[in-house]
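Visitor: I would like a close look at a single part of this protein. Please take one helix, then follow its surroundings outward.

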Amino acid sequence: SHLLKGNTYQLNLTEQFEFTFLQNLSVCDFLPFFLKETSTYAHATFIEKLDFFFLSNSPECFFNSTLDLTSENIQLISRPIKGTSREEDKNVCSKKNTIELDIIIDLMRNDLSSFGRPNAEVRSRQKILKVPGLHHTYAEIEKRVTKEDNISFFQIIKEMFPGGSITGAPKKRTIELINEIENTSRNFYTGSTFYWHGKSISSSINIRSALIDLNSGSLYYGAGGGITLHSKAEEEYQEMLDKVESFMSYF
């Protein structure tokens, strides 16, 4: 109904799934498969005092850049992922998936143009990314910042976070609708993790990500997808289950 009223053009609707392990496990039990199957922005964090283990095999780049914002010319790259098909489905670039991605490309280009000069450009519009059992489509958007723009790292975060691919468009109103519609907190899932190394920074969108409570032996995993007027309920529901199966197949 919100789509029909024009309150949102795409809403990333998600659900939390809970799994229970039949035996006591430690962090070391998870690392062999994780280290073998990691994607570009994968990461793992263990908080010993809480017995919480955060496991993310995310392939999605929130943005890459440099921390030295006094440099003459700084490049920001964002690679939003939208549109999913089963591996055997050759039509990953279907009309529905293309529209889904195009909406987020426009949103991310606007986010990147909201600070400094409005010079964000789409470098690649629709590339294919493969994960176990699934194909995704993604785009690559670039922005250049100079010392004269006087932009801080935290200003970039303020203007861009959270990532548009896991919210929808328009972002502010769609986030309000997500808070009304979804009945559980996303927590770690669909947040972002930043890795600082020297003067460079890499940041992910925490999709394909799980929070593991080692004390209770439970794993919490979120999955979902972008809902538009071109969506079919049964297909969107199956896509969500396919994403769960793709990640849980590691176990």
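Visitor: Start with helix α2. Which exposed residues are carried by the face of α2 turned away from its buried side?

Guide: They are C28, P32, L35 and K36. Exposed means over 50% relative accessible area, buried under 20%, and partly exposed in between (1.4 Å probe, protein chains only). Before going on, some ground rules. This is a predicted model, in which local features need pLDDT of at least 70 and side-chain atom pairs count only at pLDDT 80 or more, while totals for chains, interfaces and linings use all residues. Residues are numbered from 1 along each chain as its sequence is written, and side-chain values use heavy atoms, with hydrogens and water left out. Helices (H or I, at least four residues) and strands (E, at least two) are DSSP runs, numbered from the N terminus.

Now the other side of α2, which spans residues 27-37. Its buried residues are V27, F30, F33 and F34. Viewed down the helix axis, these fall within an arc of 140°, so they line one face of α2. The arc is taken from the directions from the helix axis to the C-beta atoms. Among the elements covering this buried side are β2 (43-47), β3 (52-56) and β12 (209-213). Contact here means heavy atoms within 4.5 Å.

Those three strands belong to one sheet. The sheet is open and has six strands, in the order β2-β3-β12-β13-β1-β9, with antiparallel pairing. Its edges are β2 and β9 (168-169), each pairing on one side only. Strands pair if DSSP finds at least two bridges between them. Four bridges join β12 to β13 (residues 218-227), again antiparallel. In this pairing D213 stands opposite S218 of β13. In a regular strand, side chains alternate between the two faces of the sheet.

Back to F30 on the helix. F30 has a relative accessible area of 2%, so it counts as buried. F30 also has a ring partner, F21. Their ring centres are 5.6 Å apart and their planes lie at 70°, so this pair is edge-to-face. The rule takes rings of Phe, Tyr and Trp (its six-membered ring) with centres within 6.5 Å; planes under 30 degrees apart are stacked, over 60 edge-to-face, and the rest tilted. F21 is partly exposed, at 22% relative accessibility. The rule gives 14 aromatic pairs in total.

Another pair involves β3, one of the strands covering α2. F54 and F188 form a tilted pair, 4.9 Å centre to centre with 55° between the planes. The two residues are 134 apart in the chain: F54 is in strand β3, while F188 is in the loop between α5 (171-181) and β10 (192-197). Both F54 and F188 are buried.

Ring pairs also build a cluster. It links F62, F63, F153, F154, F161, F194 and W196.

One last point concerns cysteines, since C28 sits on the exposed face of α2. The whole structure contains zero disulfides, a disulfide being a pair of cysteine sulfur atoms within 2.5 Å. For C61, the nearest cysteine sulfur is that of C93, 20 Å away. C61 is buried, at 1% relative accessible area. C93 is partly exposed, at 33%.
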